[in-house]
Amino acid sequence: MTFQYDSMMEPLFEDVNLSIHENWKLALIGRNGRGKTSFLKILLEQLPYEGSVRSSLRFSYFPTYPEPSENITAEEMLLKNNPAKEPWELERELSYMKLSPEILQRRFQELSGGEQTKLLLIELFLNEQSFSLIDEPTNNLDADGRNVVGQYLKNKQGFIVVSHDQRFLNSFVDHVLAINRESVDLIKGNIDEWKREKDRADHLSRETNSQLGKEIKRLSDVSGRVGSWGLQRENSTKDASERRLAAKQMKRSKAIRKRTEEKIEEKRSLISNIEQADRLKMNVQVPRNQILYLRNFSILRNGKPLFEPVDADVYPNDRFFITGKNGAGKSSLINFLLGREEVETTGEHRVQMPEKLSVLEQKNQREKDYGSLLGRLSFREKEEYLHLLRQLGMERSRFSDQTSRHWSEGEQKKVFLAHAILGSNQLFIWDEVTNYLDLFIVEQLIASIREYEPTMIAVDHNEHFADAVATKKLHLTKR
């Protein structure tokens, strides 16, 4: 299979040959913009391609939301494509997702993002004759929801899932399909096993690359000496017969040089382009004062506490993560700390925000894009910003596209992440930074945060990321 967008200089996929078993629980991974969603669209026959895709099963895609104008209940949504299913079958699936049967009579559009995600996944697997293509199922799920959905998928079979949460994927996948810069690799096992395989392959590639580099240098030296020798011989005499002989030798030296340069190009083509993330620089200043003091604190909604009262202290160099289920008040607490809304509170609180803040929103801001952010920067800031984007794995060819609206969600997230890292900051307030970011960038962020030790207040449901960088956690329990 070969596929290329019209705007691309080179194919996104070239001569890909794969066989995927109908019972596999397959993780589809790769860097942002590498073509994961495009791969799913090819299977769905939504993009033109060269080659063939054959399957005895119908492909079903997540997420496929009902139109808001339909105004249907959860039960109607589930039965729309599965009319023969009995009520007990729906209730069985709901129990697996820790959902009450009462949810069936509620309007789908009125449900939370996590509830909608669970119901859409149930709808996919009610049809046993389809092969599910699941694209980023964790973005509306808290940590508890991710565990529930992970267990649900562990008990199912026959699907491809795109996700950048490696702990979530490790809980159920049995095969991994990795879209690399120059290849598409399929391995049996989970993400941890794929990482071990990749580390071994990268180690061998580095050794091979080192040998090839030495051979290229040797051949380049030979080519240079041969060319120089032929030219010197031709210019060293004015005798006609000697010059004819020198011309023959010059012609021969050119042929030798050509063959040598062809060998050099052949060697260069063998060098593996190892997939790795660059070191990400953060310019961090340490705040002078305690950032946050909470005692028996809660936010009031209609006179009632939003969450159980909590105590908390945030000092310079703390990496303070707020955890809890969806709806517990995590984003409300962040907005309160940022002074975005005036709310009633109970208990004691002191908030001392430093002057220089890095704020990253949970969702990509649709009213902003790469071009609009770039236009607000000075020449020096632009240079730093573009360098940060390169460190985050963005291809240089993207920089000429002044709108990022056509980029993948992960590439758009990098636009805002680079902007959040830009300049010197005393406090980083990041809400779900890992949403849409690929595994390489998550590991890159972990390494950078550990190295520069910024003061942070964060919310993130990626447990691997939070456990790796948090120094303190505050769990909110909905009242």
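Contact, throughout this tour, means heavy atoms within 4.5 Å. The model is predicted, so local features need pLDDT of at least 70 and side-chain atom pairs count only at pLDDT 80 or more, while totals for chains, interfaces and linings use all residues. Residues are numbered from 1 along each chain as its sequence is written, and side-chain values use heavy atoms, with hydrogens and water left out.

**The whole protein**

Begin with the full view, in which the protein has 14 helices and 17 strands; these are DSSP runs numbered from the N terminus, with helices (H or I) of at least four residues and strands (E) of at least two. Of the 479 residues, 47% are buried, where buried means under 20% relative accessible area, exposed over 50%, and partly exposed in between, with a 1.4 Å probe and protein chains only. Among contacts with a separation of 6 or more, 72% are between residues 24 or more positions apart.

**Helices H3, H4 and H5**

Two packed helices are described by the angle between their axes and the distance between the axes. Axes here are lines fitted to C-alpha atoms, for helices over the stretch in contact, and angles run from 0 to 180 degrees between N-to-C directions. Angles under 35 degrees count as roughly parallel, over 145 as roughly antiparallel, 65 to 115 as roughly perpendicular and the rest as oblique.

Select H3 (residues 87-96) together with H4, whose axes lie 10 Å apart at an angle of about 130 degrees. That makes H3 oblique to H4. On H3, pick Leu90, Glu93 and Leu94, which meet Leu119, Ile122 and Leu126 of H4. These residues divide into five nonpolar, no polar and one charged, counting Ala, Val, Leu, Ile, Met, Phe, Trp, Tyr, Cys and Pro as nonpolar, Asp, Glu, Lys and Arg as charged, and the others, Gly among them, as polar.

Keep H4 (residues 113-126) and add H5 (residues 143-154), where the axes come within 12 Å and cross at roughly 5 degrees. H4 and H5 are therefore roughly parallel to each other. Lys118, Leu121, Ile122 and Phe125 of H4 meet Gly145, Val148, Val149, Tyr152 and Leu153 of H5, a set made up of seven nonpolar, one polar and one charged residues.

**Helix H9 and the strands around it**

Move on to H9 (residues 330-337), a mostly covered helix in which six of the eight residues are buried. Show Lys330, Ser332, Leu333, Ile334, Phe336 and Leu337, the buried residues of H9, and then colour the strands against which they pack: E8 (292-301), E11 (319-323), E12 (344-351), E15 (427-431), E16 (456-459) and E17 (472-475). Just after H9, stop at Gly339, which takes a positive phi of about 70 degrees.

**Lys473**

From H9, go to Lys473, which is placed in strand E17 and is partly exposed, with a relative accessible area of 45%. Leaving aside residues up to four places away in sequence, Lys473 touches Phe321, Thr323, Ala466 and Asp467. A C-alpha to C-alpha distance drawn from Lys473 to Phe320 gives 5.7 Å, although the two are 153 residues apart in sequence.

**Helices H11 and H12**

Finish with H11 (residues 379-391) and H12 (residues 409-421), whose axes come within 9 Å and cross at roughly 125 degrees. That makes H11 oblique to H12. Select Tyr385, Leu388 and Leu389 on H11, and Lys414, Val415, Ala418, His419 and Ile421 on H12, to display the residues that make the contact; by class they are six nonpolar, one polar and one charged.
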